[in-house]
Amino acid sequence: TVLKHGFGLDVSSGRELLLAKKYGAGRILFSGPGKTEDDLILALENHENVILNIDSFSELQKIGRLSNEKKTHIRAGVRFFIPLHDSWSKFGIPLHDLKKFWETAKQFPFIKLEGIQFHISWNRDPTRYVLVLKKLASYLRAHFTASMLREISFIDFGGGFFPDRVEGEYPWTA
């Protein structure tokens with residue numbers, strides 16, 4: 001149904017990427033942490049439909065090496081975290097490393113880094129999203145040049161709200 005209405009899909013694994021392709025997804029955001037080398041190769045093989053959110057400097061090195069070997073361009077984003085992310089801070093890079101990451105990505109001619117992503121779950125209201133966006137905006141103003149800012153074509157924020165706010169009441173959470 002989502003695809004019939006022209007939307008894309010967000011996938012978290014190679015298996016989900018294969019399913020998205022099987023059902024005809026034309027736009028796929030690959031955001032899962034802990035991608036295997038096979039997952040990265042699959043993303044490159046589907047580069048015309050995939051934007052790859054990168055979770056670490058080591059993943060950047062892997063996709064950089066693979067894209068160079070295969071001479072395949074890929075659009076990418078980078079996931080960051082701040083202390084507010086609590087347990088979600090295990091995914092992505094610290095915000096204070098974003099400029100370094102952006103500059104490091106330039107070493108890989110087949111990677112087009114154009115997005116920034118963060119993920120927060122179990123929200124009761126939009127307050128934490130707003131706080132993270134303010135911190136990101138402040139960081140970008142202080143550390144990115146005008147030219148670097150023009151390279152950003154998307155900011156993706158993921159996660160969701162505590163289930164009782166959107167899916168009904170759960171007696172065990174009362």
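Helices (H or I, at least four residues) and strands (E, at least two) are DSSP runs, numbered from the N terminus. With that settled, I opened the notebook on this predicted model.

**Entry 1, Thr36.** I looked up Thr36 and found this residue in the loop that runs between strand S2 (28-30) and helix H2 (37-45). Is Thr36 buried, partly exposed or exposed? Its relative accessibility is 40%, so I noted Thr36 as partly exposed, given that this class lies between the 20% and 50% cut-offs. I then checked Thr36 against Lys62: the C-alpha atoms are 9.5 Å apart in space, with the two positions 26 residues apart in sequence.

**Entry 2, Ile82.** Next I went to Ile82, which sits in the loop between strand S4 (74-81) and strand S5 (93-94). The relative accessibility of Ile82 is 6%, so I wrote it down as buried, the cut-off being under 20%. I also looked up His96, which is 14 residues from Ile82 in sequence and 8.5 Å away from C-alpha to C-alpha.

**Entry 3, the whole chain.** How many helices and strands does the protein chain have? I counted seven helices and seven strands. Reading along the sequence, I get β-α-β-α-β-α-β-β-α-β-α-α-β-α. The protein chain has 174 residues, and 45% of them count as buried.

**Entry 4, contacts and surface.** For contacts in the protein chain with a separation of 6 or more, I noted that 61% join residues 24 or more positions apart. Last, I looked up the accessible surface of the protein chain: about 9,700 Å², with 56% of that belonging to carbon and sulfur atoms.

Key
Residues are numbered from 1 along each chain as its sequence is written. This is a predicted model: local features need pLDDT of at least 70, side-chain atom pairs count only at pLDDT 80 or more; totals for chains, interfaces and linings use all residues. Side-chain values use heavy atoms; hydrogens and water are left out. Buried means under 20% relative accessible area, exposed over 50%, partly exposed in between (1.4 Å probe, protein chains only). Contact means heavy atoms within 4.5 Å. Accessible areas come from the Shrake-Rupley method with a 1.4 Å probe; for residues, only the protein chains shown count as cover.
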